[in-house]
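Got your viewer open? Let's walk through this protein together, one selection at a time.

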Amino acid sequence: HGRIAQLAFLGNIITRAGVHLPGNIDSAGDSFDSIPDGWAAVGAIPQAGLLQIVAFVGTLELFVMKDITGGDFVGDFRNGALDFGWDTFDEETKLSKRAIELNNGRAAMMGILGLMVHEQLGGDLPIVGAM
């Protein structure tokens with residue numbers, strides 16, 4: 001959940017800053033810029049687009065991001081494909097890096113929760129502005 005929360009928080013901040021993908025979100029010509037920020041985006045995305053997102057996430061869950069037994073730790077999704085030098089670290093460094101990732105994930109969960117609550121309450125926030 002921490003990794004997803006990190007992506008959610010970053011996506012929320014980036015789109016509120018006015019950065020959107022170029023082009024159209026569907027064949028009807030609706031641009032990515034026309035999709036509102038926050039919760040309002042869920043209702044504005046075409047239904048076929050939401051189904052594609054759900055299907056893509058389901059495919060990842062069922063076939064790609066499997067927690068194969070025999071990994072170094074719970075949540076080790078490398079599955080022999082991605083390494084980025086993890087095996088070169090000593091045990092103390094590995095524990096430290098895992099703790100850092102967990103803490104960053106927890107912070108992102110609190111951050112996205114705060115953004116969602118403030119959006120529902122309304123008002124003006126530093127950096128992200130009015131919601």
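Here is a short tour, from the overall fold to a few single residues.

**The whole chain.** Keep in mind that you are looking at a predicted model. Show it as a cartoon and you should find 4 helices and 2 strands. Following the chain from the N terminus, the order is α-α-α-α-β-β. Now colour by burial: of the 131 residues in the protein, 17% are buried.

**The N-terminal end.** Select H1, which sits in the segment before helix 1. Is H1 buried or exposed? H1 counts as exposed because its relative accessibility is 83%, above the 50% cut-off. Next, add R106 to the selection and draw a distance between the two C-alpha atoms. H1 and R106 come within 8.6 Å of each other by that route, although 105 residues separate them in sequence.

**The largest pocket.** Switch on a surface and look for the largest pocket, with a volume of about 1900 Å³. Its lining is made by 48 residues, and those closest to the pocket centre are R3, I4, Q6, L7 and A8. To see which elements contribute two or more residues to the lining, select helix 1 (2-16), helix 2 (40-44), helix 3 (47-64) and helix 4 (91-121). Which helix gives the most to this lining? That is helix 1, with 10 residues. Colour the lining by residue type and you get 28 nonpolar, 12 polar and 8 charged residues.

**The loop after helix 1.** Move on to S34, in the loop between helix 1 and helix 2. S34 is classed as partly exposed because its relative accessible area is 45%, which falls between the 20% and 50% cut-offs. For another distance, pick I45: its C-alpha lies 9.8 Å from that of S34, and the two residues are 11 apart along the chain.

**Helix 4.** Now select helix 4, a run of 31 residues. From first C-alpha to last, helix 4 reaches 45 Å, close to the 45 Å expected at 1.5 Å a residue. Show side chains for K94, I112, L115 and E119, which are among the buried residues of helix 4. G105 and A108 in helix 4 are buried too. Just past the end of helix 4, click on G122 and check its backbone: phi is positive there, at about 85°.

**A charge over a ring.** For the last stop, select F89 and K97 as sticks. K97 lies over the face of F89, 5.0 Å from the ring centre. How many aromatic pairs are there to look for? The count is 0, so you can leave ring-to-ring pairs off your list.

How values were computed
Residues are numbered from 1 along each chain as its sequence is written. This is a predicted model: local features need pLDDT of at least 70, side-chain atom pairs count only at pLDDT 80 or more; totals for chains, interfaces and linings use all residues. Side-chain values use heavy atoms; hydrogens and water are left out. On a 1 Å grid over the protein atoms alone, a cavity is a set of points where a 1.4 Å probe fits but cannot get out, and a pocket is an open set with protein on both sides within 12 Å along at least five of seven lines; lining residues have an atom within 4 Å of a point. Grid points are joined across faces, edges and corners, and a volume is the space filled by probe spheres set on the points. Ala, Val, Leu, Ile, Met, Phe, Trp, Tyr, Cys and Pro count as nonpolar, Asp, Glu, Lys and Arg as charged, and the others, Gly among them, as polar. The expected span of a helix is 1.5 Å times one less than its number of residues. Buried means under 20% relative accessible area, exposed over 50%, partly exposed in between (1.4 Å probe, protein chains only). Rings of Phe, Tyr and Trp (its six-membered ring) pair if their centres lie within 6.5 Å; planes under 30 degrees apart count as stacked, over 60 as edge-to-face and the rest as tilted. A charge sits over a ring if NZ of Lys or CZ of Arg is within 6 Å of the ring centre and within 35 degrees of the ring normal.
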